[in-house]
Amino acid sequence: KRKAPSRPVDLRQMFRSFALALLVASASAFNMAPGMGHMPVAARPVSQGNAVVMGDNIRELRTRIASIKNTQKITSAMKLVAAAKVRRAQDAVIRSRPFSENLEKVLGGLIERLKNEPLDFPLLQERETNSVLLVVVSGERGLCGGYNAQVIKKTQARLDELKEQGVSVKLLCVGRKANVWFARRGLDIV
């Protein structure tokens with residue numbers, strides 16, 4: 001069995017080439033070769049090494065077309081699954097919105113009360129920032145459109161901004177794409 005080609009196949013170009021080959025083959029059947037007299041090309045003996053069997057080409061085309069159709073079916077199924085996952089994630093965000101609003105109100109009220117009372121709570125003290133850890137979440141592979149590119153672009157902008165302020169920055173990269181990108185540039189990755 002032959003494997004499907006690894007590179008994308010342009011069906012229009014393939015059919016044009018096939019039609020041109022058929023046209024040339026049918027026209028050359030009536031041409032005369034020098035030294036062969038009046039014998040048509042189709043009746044001449046052909047060496048085994050250069051023999052072209054048309055059935056094999058048609059069979060190859062049919063298997064390529066079938067493999068392309070199967071790939072298209074798989075791709076459309078993957079799109080449907082991805083759309084369903086996005087829909088579920090959006091529903092989860094919408095369902096969690098009331099909880100996050102209530103949490104924001106409670107924490108806001110708590111912070112306001114603590115500001116009025118003299119408590120020595122270290123998390124509420126304002127301090128000068130000397131070092132920052134940026135957590136970068138990227139994909140493992142390149143199957144997420146422009147997400148990885150945008151994450152890297154925004155992270156790079158934030159890195160430049162923090163370096164202008166004189167803050168030392170370390171990165172915690174979750175996902176292979178960001179890890180490889182920033183490691184190649186010699187940044188401090190935790």
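This is a guided tour of a predicted model, arranged as a series of selections to make in the viewer.

**The whole chain**

Begin with the protein chain coloured by secondary structure, where 4 helices and 2 strands can be picked out, following the pattern α-α-β-α-β-α when read along the sequence. Of the 190 residues of this chain, 12% count as buried, and its accessible surface comes to about 16100 Å², with 58% of that area belonging to carbon and sulfur atoms. If contacts between residues at least 6 apart in sequence are considered, 57% of them join residues at least 24 apart.

**Helix H2 and Ser100**

Next select helix H2, which covers residues 54–116, and within this helix go to Ser100. Ser100 is partly exposed, because its relative accessible area is 37%. A polar atom of the Ser100 side chain lies 2.9 Å from the backbone oxygen of Arg97.

**The largest nonpolar core**

Now move along the chain and select Leu134, Val136, Val151, Ile152, Leu159, Leu162, Val167, Val169, Leu171, Cys173, Ala178 and Phe182, the 12 residues of the largest nonpolar core. At least two residues of this core come from each of S1, helix H3 (147–164), S2 and H4, and H3 provides the largest share, with 4 residues.

From the core, keep Leu171 selected and display its surroundings. Leaving aside residues up to four places away in sequence, Leu171 touches Leu133, Leu134, Val136, Thr155, Leu159, Phe182, Leu187, Asp188, Ile189 and Val190.

**Ser138, in a loop**

Select Ser138 next, in the loop between S1 and H3. Is Ser138 buried or exposed? Its relative accessibility is 9%, so Ser138 counts as buried, the cut-off for that class being under 20%. A polar atom of the Ser138 side chain is placed 3.0 Å from the backbone nitrogen of Ala178, and Ala178 is itself one of the residues of the largest nonpolar core. With residues up to four places away in sequence not counted, the residues that Ser138 touches are Tyr147, Asn148, Val151, Val174, Gly175, Arg176, Lys177 and Ala178.

**A salt bridge in helix H3**

Turn to helix H3 and select Arg158 and Glu161, which both lie in this helix, 3 residues apart, or about one turn of the helix. These two residues form a salt bridge in which the closest N and O atoms are 2.5 Å apart, and the count of salt bridges comes to 1. Arg158 counts as partly exposed because its relative accessibility is 35%, and Glu161 is likewise partly exposed, with a relative accessible area of 38%.

**The nonpolar patch on the surface**

For the last stop, show the surface and select Leu133, Val135, Val137, Tyr147, Leu172, Val174 and Val190, which form a nonpolar patch with about 610 Å² of accessible area together. Strand S1 (131–137) and strand S2 (168–174) each supply at least two residues of this patch, and S1 gives the most, with 3 residues. Two members of the patch, Tyr147 and Val174, are also among the residues that Ser138 touches.

Finish at Val190, in the segment after helix H4 (176–184). Why does Val190 count as exposed? Its relative accessible area is 60%, and exposed means over 50%. Val190 is also one of the residues that Leu171 touches, and Leu171 belongs to the largest nonpolar core.

Key: Residues are numbered from 1 along each chain as its sequence is written. This is a predicted model: local features need pLDDT of at least 70, side-chain atom pairs count only at pLDDT 80 or more; totals for chains, interfaces and linings use all residues. Side-chain values use heavy atoms; hydrogens and water are left out. Patches are made of residues with over 30% relative accessible area and no salt bridge: like charges are joined within 9 Å, nonpolar side chains (Val, Leu, Ile, Met, Phe, Trp, Tyr) within 5 Å. Accessible areas come from the Shrake-Rupley method with a 1.4 Å probe; for residues, only the protein chains shown count as cover. A salt bridge is a side-chain nitrogen of Lys or Arg within 4 Å of a carboxyl oxygen of Asp or Glu. Buried means under 20% relative accessible area, exposed over 50%, partly exposed in between (1.4 Å probe, protein chains only). A nonpolar core is a set of buried Ala, Val, Leu, Ile, Met, Phe, Trp, Tyr and Cys residues joined through side-chain atoms within 4.5 Å. Contact means heavy atoms within 4.5 Å. A polar contact is a pair of N or O atoms within 3.5 Å; within protein, one must be able to donate a hydrogen and the other to accept it, and residues adjacent in sequence count only if both atoms are side-chain atoms.
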